[in-house]
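The following exercises concern strand pairing, helix packing and metal coordination. Please work through each task before reading its solution.

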Amino acid sequence: MSGHHDHPVPRTLDMPSSVDIYDTTLRDGSQQEGLSLTVDDKLRVAEQLDHLGVAYIEGGWPGANAKDTEFFARAPAELDLGTATLVAFGSTRRVKGKVDDDATLRNLVEAGTSTVCIVGKSSEYHVTQALQTDLDEGVAMVADSVGFLRGEGLRVMLDAEHFFDGYKHNPEFTLRVLESAVLQGATHLVLCDTNGGSLPFEVEQIVGNVVDYFGSDVIIGVHLHDDTGCGVANALAGVRGGARHVQGTINGLGERTGNCNLSTILPNLTLKMGVATLPEGRLERLTSVSHHIAELVNRPLNNQAPYVGSSAFAHKAGLHVSAIAKAKDAYEHIDPEQVGNGTRFVVSELAGRSTIKIKADELGLPMDGAAISNVIDELKRLEHEGYHFEAADASLELLMRRAAGWHQDFFRVESMRVITDELPDGAFSTEATVKVWVGDQRHVRVAEGNGPVNAIDRALRAAVGQAYPALERVHLTDYKVRILDGASATGAVTRVLLSATDGERDWTTIGVSPNIIEASWRALEESLVYGLLHAP
Ligand SMILES: [Zn+2]
């Protein structure tokens with residue numbers, strides 16, 4: 001490892017042909033404000049990551065909290081990983097401490113994984129100011145800890161904390177820290193932009209210098225945050241600099257502005273840069289895994305998320321809609337199927353006949369000119385009442401099916417009633433009664449809820465669910481209410497948007513009424529009908 005980190009000439013690009021993907025959603029990602037995962041949640045997320053095909057899953061910090069300890073205890077029996085290696089995270093020994101009585105290191109060994117990743121300080125400023133010790137001790141903390149864990153037979157990765165900031169200030173010290181880890185047998189040196197302040201050209205340059213310094217003795221990786229809005233760009237720059245290991249989180253989960261977003265990095269590396277990231281055939285799982293994890297961690301995905309968002313390949317009514325139908329690739333930067341997403345045509349009252357025709361073809365509905373005119377008239381009428389179909393794809397589909405002559409015969413509602421009482425102790429109770437017919441069977445169900453919408457949802461689901469067990473998989477994910485102030489002086493109306501999922505498909509329905517319960521009930525009924533229509 002002869003060093004020449006002060007590279008005098010622009011380095012020739014030696015991008016790797018493949019990188020390994022290290023997901024830290026369960027550790028760094030769960031630092032996000034307001035995010036709290038149970039051990040079961042964590043196991044489900046790990047399954048999804050393995051289904052996607054990442055190389056490493058960082059499961060947490062054993063010993064730092066009871067949940068992470070329990071996760072590692074349960075993982076061997078409850079996780080059957082196909083592609084991924086589970087990694088336990090920890091830190092180096094304490095200042096002036098001994099490795100053999102260090103609780104953090106012992107917890108890492110007891111986590112029972114084959115691979116561990118420890119964070120060590122690699123910036124002079126942090127060693128002298130945060131640790132209040134000297135640089136030799138800073139190096140020794142890393143070296144001793146790596147050596148100890150190697151002695152326990154573990155594969156050891158080093159997360160070099162504040163590396164980029166430290167390198168800019170004192171590159172010799174940062175490289176000394178890395179070198180000590182390599183000499184003790186670390187296989188991966190992960191350069192961390194802990195405060196997230198770096199920019200792509202700096203990351204590319206510095207990673208390049210480190211790769212040149214160490215040659216192929218060790219794998220250089222990057223761990224980046226999005227504080228400059230460049231998390232993804234920084235990861236791509238790191239790979240251009242020669243990094244062969246990329247850490248990040250699905251959907252960019254993480255503290256502050258988040259970690260670098262693997263949902264974006266993976267297709268960029270694979271499809272745009274020709275760098276292999278996942279096993280063959282797995283990138284098509286990206287959209288469903290991204291949505292599934294958003295669901296598991298209860299963080300709704302941004303519709304505009306690149307590649308995986310529901311708007312990522314949506315085209316709104318306009319001049320080019322009919323042109324897209326003829327030549328999709330003229331208006332889309334990739335084939336959306338490559339990431340498991342799809343083209344979507346957004347329909348509103350402004351939609352022309354060609355948009356409705358394309359939408360009908362997409363749904364496989366035979367519609368003649370008269371049926372198309374009916375849809376357009378109906379859209380105009382409903383949007384005037386306050387409906388907004390751009391946001392409610394499922395309600396639009398049902399409307400179009402009805403215009404084409406379809407009637408849902410899954411169930412028929414006889415009546416619905418919901419009552420909210422204030423009890424003598426000041427508490428509120430809500431109870432809903434729903435009577436429905438499924439064929440010639442009458443089902444009557446009563447359900448309590450924490451509010452009227454919850455109660456009618458439970459009651460309707462119970463009444464219909466007996467005949468349709470597929471509904472067990474359907475649950476509501478979002479409920480949005482907006483009061484539309486009637487400029488037409490007819491008074492305020494309520495618009496309800498209800499999102500649901502069956503674990504594979506997400507959909508949104510709409511209800512509009514002066515009465516919030518009625519608006520919710522309409523959206524709810526359509527949501528279940530849509531779920532039944534598309535039950536696998
Ligand atoms: Zn981090």
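**Exercise 1. Determine how strand E12 pairs with E13, and place both in their sheet.**

Step 1. Strand E12 (residues 428-438) and E13 are joined by 9 bridges in the antiparallel sense; two strands count as paired if DSSP finds at least two bridges between them. Helices (H or I, at least four residues) and strands (E, at least two) are DSSP runs numbered from the N terminus. The model is predicted: local features require pLDDT of at least 70 and side-chain atom pairs pLDDT 80 or more, whereas totals for chains, interfaces and linings use all residues. Residues are numbered from 1 along each chain as its sequence is written, and side-chain values use heavy atoms, without hydrogens and water.

Step 2. One bridge of this pairing joins valine 434 to arginine 445 in E13.

Step 3. The open sheet has 3 strands in the order E11-E12-E13, with antiparallel pairing. Strands E11 (412-422) and E13 (441-449) are the edges; each has a single partner strand, so one side of each lacks a neighbour in the sheet. From one strand to the next the twist averages 10°.

**Exercise 2. State which helix lies across E11 and E12, and at what angle to E11.**

Helix H17 (residues 516-533) lies across these two strands and runs at about 135° to E11. Axes are lines fitted to C-alpha atoms, for helices over the stretch in contact, and angles run from 0 to 180 degrees between N-to-C directions. Contact means heavy atoms within 4.5 Å.

**Exercise 3. Describe the packing of helices H13 and H14.**

Step 1. The axes of H13 (residues 353-363) and H14 (residues 369-385) are 10 Å apart, at an angle of about 110°.

Step 2. This angle makes H13 roughly perpendicular to H14, the class that covers 65 to 115 degrees.

Step 3. H13 contributes Arg353, Ile356 and Lys357 to the contact, while H14 contributes Gly369, Ile372, Ser373, Val375, Ile376 and Leu379.

**Exercise 4. Identify the residues that coordinate the zinc ion, and locate them along the chain.**

Step 1. The zinc ion is coordinated by Asp28 (OD), His223 (NE2) and His225 (NE2) at 2.0 to 2.1 Å. Donors are N, O and S atoms within 2.8 Å of the metal (3.2 Å for Na, K and Ca); water is not among the atoms, so sites may look incomplete.

Step 2. The donor spacing is D-x194-H-x1-H. Aspartate 28, in the loop between strand E1 (20-23) and helix H1 (39-52), and histidine 223, in strand E7 (residues 219-223), are 195 residues apart and link distant parts of the chain.

Step 3. Both aspartate 28 and histidine 223 are buried, that is, under 20% relative accessible area with a 1.4 Å probe and protein chains only.

Key
Buried < 20%, exposed > 50% of the residue type's maximum accessible area, 1.4 Å probe, protein only. Parallel < 35°, antiparallel > 145°, perpendicular 65-115°, else oblique.
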